[in-house]
Amino acid sequence: MPTPDHVLVVDDDPDIRTLVGKLLEKNGFRVSKVADGKGLRQLLDKTQPDLIVLDLMLPDEDGLVLCRNLRSRSNIPVIILSARGEDMDRIIGLEMGADDYLGKPFHPRELLARVKSVLRRARSLPDDIQEEEADAIYRFAGWVLDVPTRQLYSPKSKKVFLSGGEFSLLRVFLNHPNRVLSRDQLLDFSHGREIDPFDRTIDMQVSRLRRRLGDDPKKPSLIKTVRSSGYVLAVRVERGGEQPHVADDSSTGD
Amino acid sequence: MSMPERIVVRIDADLAEIAPGYLANRRKDLELLPQALASGDFAQLRTLGHRMKGSGAGYGFDGISKIGRAIEEAAKQENHLGVEAGIAALAAYLDRLEVVHA
């Protein structure tokens, strides 16, 4: 029997923890629940969940800051669940690395659908590259992406963490270098052919990916914007070779 | 005198186990809210309203989310009468509520 996916619910409202926990357990997930940022850290010291459902208004820490810190250290998908509900919070949440955002009050089945969707997206490989790139190592402009370990190495051989979405997006670019890809194509490839309700997500993820790669957003040299068309990875890409020797064990986030 | 009209809410069978606990917590809110109002603790009133707003509709009780929103907004403005009206609306809602499991 497959191990159930483990979801961590971080919310200071016990009624929300009960609701989300019950919903997910009834649908075959294993659920852990904590009320604040401290509880989140303690749990992450012990285990690595498959997905985190994160409230923004926590008693001890701002959920957005937690989200950013999480994203700089791990690839665990994050869904923000918040009653703040302002467009700006939604945008900032996605900018901070969340994989999805759902406002409270929410319909439990919508949350369930989004949890499943984000997990699928985090694990999915585009159909056309699934076979050929499962054990690939890509080299471009001094950077190395090791697909099996999902690890990106900088030209100085330092590890750079990527979110699940950023990793998927970078793989798509590396499989189609020097080819203009529309936002629809990027959505389609990187999200396992699921349409995301927020088209701007791709722009935000490209923006975040550029930052990870140290690409100047005003004058990008790696991922270029092609006006009215989309984006292109303007660099030579090679495949194969050894994993780089890591300069030190510390990892860089933003 | 006619009886007030019932508010019939159909909730998902999956929530049947936890809905009674949720409603019991709202009845506790009916004790906490007036206490917070009496002590002028608008931060606490805002938190209680915010939580009701965020959770009510998830359990199937849209009315609780609406009342929570009204209490949160009134508390933000330190509007004593607005909070009182919200508390009265919550009491009336819970009195008239009839839960049916779908």
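Modeller: Before we start, a crossing is left-handed if the near helix is turned anticlockwise from the far one by less than a right angle. Keep in mind, too, that this is a predicted model.

Biologist: Good, let me use that right away. In which hand of crossing does helix 2 of chain B pass helix 3 of chain B?

Modeller: Start with the geometry: the axes of helix 2 (residues 42–59) and helix 3 of chain B come within 7 Å and cross at roughly 155°. An angle over 145 degrees counts as roughly antiparallel, so that is how helix 2 and helix 3 of chain B sit to each other. As for the hand, helix 2 of chain B passes helix 3 of chain B in a crossing that is left-handed.

Biologist: And how many residues of the contact of helix 2 of chain B with helix 3 of chain B are charged?

Modeller: Helix 2 of chain B brings residues including Arg46(B), Arg51(B) and Lys53(B), while helix 3 of chain B brings Asp62(B), Arg69(B), Glu72(B) and Lys76(B), among others. Nonpolar residues take part as well, Phe42(B) and Ile64(B) among them. Split by class, this contact of helix 2 with helix 3 of chain B has nine nonpolar and five polar residues, and the charged ones number seven.

Biologist: Moving on along chain B, how far apart are the axes of helix 3 (residues 62–76) and helix 4 (residues 80–96)?

Modeller: These two pack at an angle of about 165°, so helix 3 and helix 4 of chain B are roughly antiparallel to each other. Helix 3 of chain B passes helix 4 of chain B in a left-handed crossing. The distance between their axes is 8 Å.

Biologist: How many charged residues does the contact of helix 3 of chain B with helix 4 of chain B have?

Modeller: From helix 3 of chain B come Ile67(B), Ala70(B) and Ala74(B), among others, and they meet a set in helix 4 of chain B including Gly82(B), Gly86(B) and Leu90(B). By class, this contact of helix 3 with helix 4 of chain B holds 10 nonpolar and three polar residues, and the number of charged ones is none.

Biologist: Helix 4 of chain B has another partner. Within what distance do the axes of helix 1 (residues 19–38) and helix 4 of chain B come?

Modeller: Helix 1 and helix 4 of chain B cross at roughly 155°, so they too are roughly antiparallel to each other. Leu23(B), Leu30(B) and Leu37(B) are among the helix 1 residues of chain B that meet helix 4 of chain B, where Val83(B), Ile87(B) and Leu94(B) are among the partners. Their axes come within 10 Å.

Biologist: Let me step back. What pattern does chain B follow when read along the sequence?

Modeller: Chain B has four helices and two strands. Of its 102 residues, 34% count as buried. Along the sequence, the pattern of chain B is β-α-α-α-α-β.

Biologist: Where the two chains touch, which helix of chain A gives the most to the side that touches chain B?

Modeller: The contact takes 13 residues from chain A and 15 residues from chain B. On the chain A side, the residues divide into seven nonpolar, one polar and five charged. Seven residues come from the element that gives the most, which is helix 1 (residues 14–26) of chain A.

Biologist: What is the mean pLDDT of chain A?

Modeller: In chain A, 83% of the residues reach 70 or more. Below 50 are residues 127–131 of chain A, a stretch with two contacts beyond near neighbours in sequence. Where pLDDT is low, the predicted coordinates should not be read in detail. For chain A, the mean pLDDT is 82.

Biologist: Any odd backbone in chain A? To which residue does the cis peptide bond from Lys104(A) lead?

Modeller: Most peptide bonds are trans. This one is cis, with omega near -5°. The residue in question lies in the loop between strand 5 (100–103) and helix 5 (108–123) of chain A, and the bond from Lys104(A) leads to Pro105(A).

Biologist: Last one: is Asn178(A) buried or exposed?

Modeller: Asn178(A) lies in the loop between helix 6 (164–175) and helix 7 (183–190) of chain A, and has a positive phi of about 60° although it is not a glycine. A residue with 12 or fewer other C-beta atoms within 10 Å counts as exposed. Asn178(A) has 11 such neighbours, so it is exposed.

Key. Residues are numbered from 1 along each chain as its sequence is written. Chains are lettered from A and ligands numbered from 1 in the order in which they are written. This is a predicted model: local features need pLDDT of at least 70, side-chain atom pairs count only at pLDDT 80 or more; totals for chains, interfaces and linings use all residues. Two residues are in contact if their C-beta atoms, placed from the backbone, lie within 7 Å. Ala, Val, Leu, Ile, Met, Phe, Trp, Tyr, Cys and Pro count as nonpolar, Asp, Glu, Lys and Arg as charged, and the others, Gly among them, as polar. A residue is buried if 20 or more other C-beta atoms lie within 10 Å of its own, exposed if 12 or fewer, and partly exposed in between; C-beta atoms are placed from the backbone. Axes are lines fitted to C-alpha atoms, for helices over the stretch in contact, and angles run from 0 to 180 degrees between N-to-C directions. Angles under 35 degrees count as roughly parallel, over 145 as roughly antiparallel, 65 to 115 as roughly perpendicular and the rest as oblique. pLDDT is the predictor's confidence in each residue, from 0 to 100.
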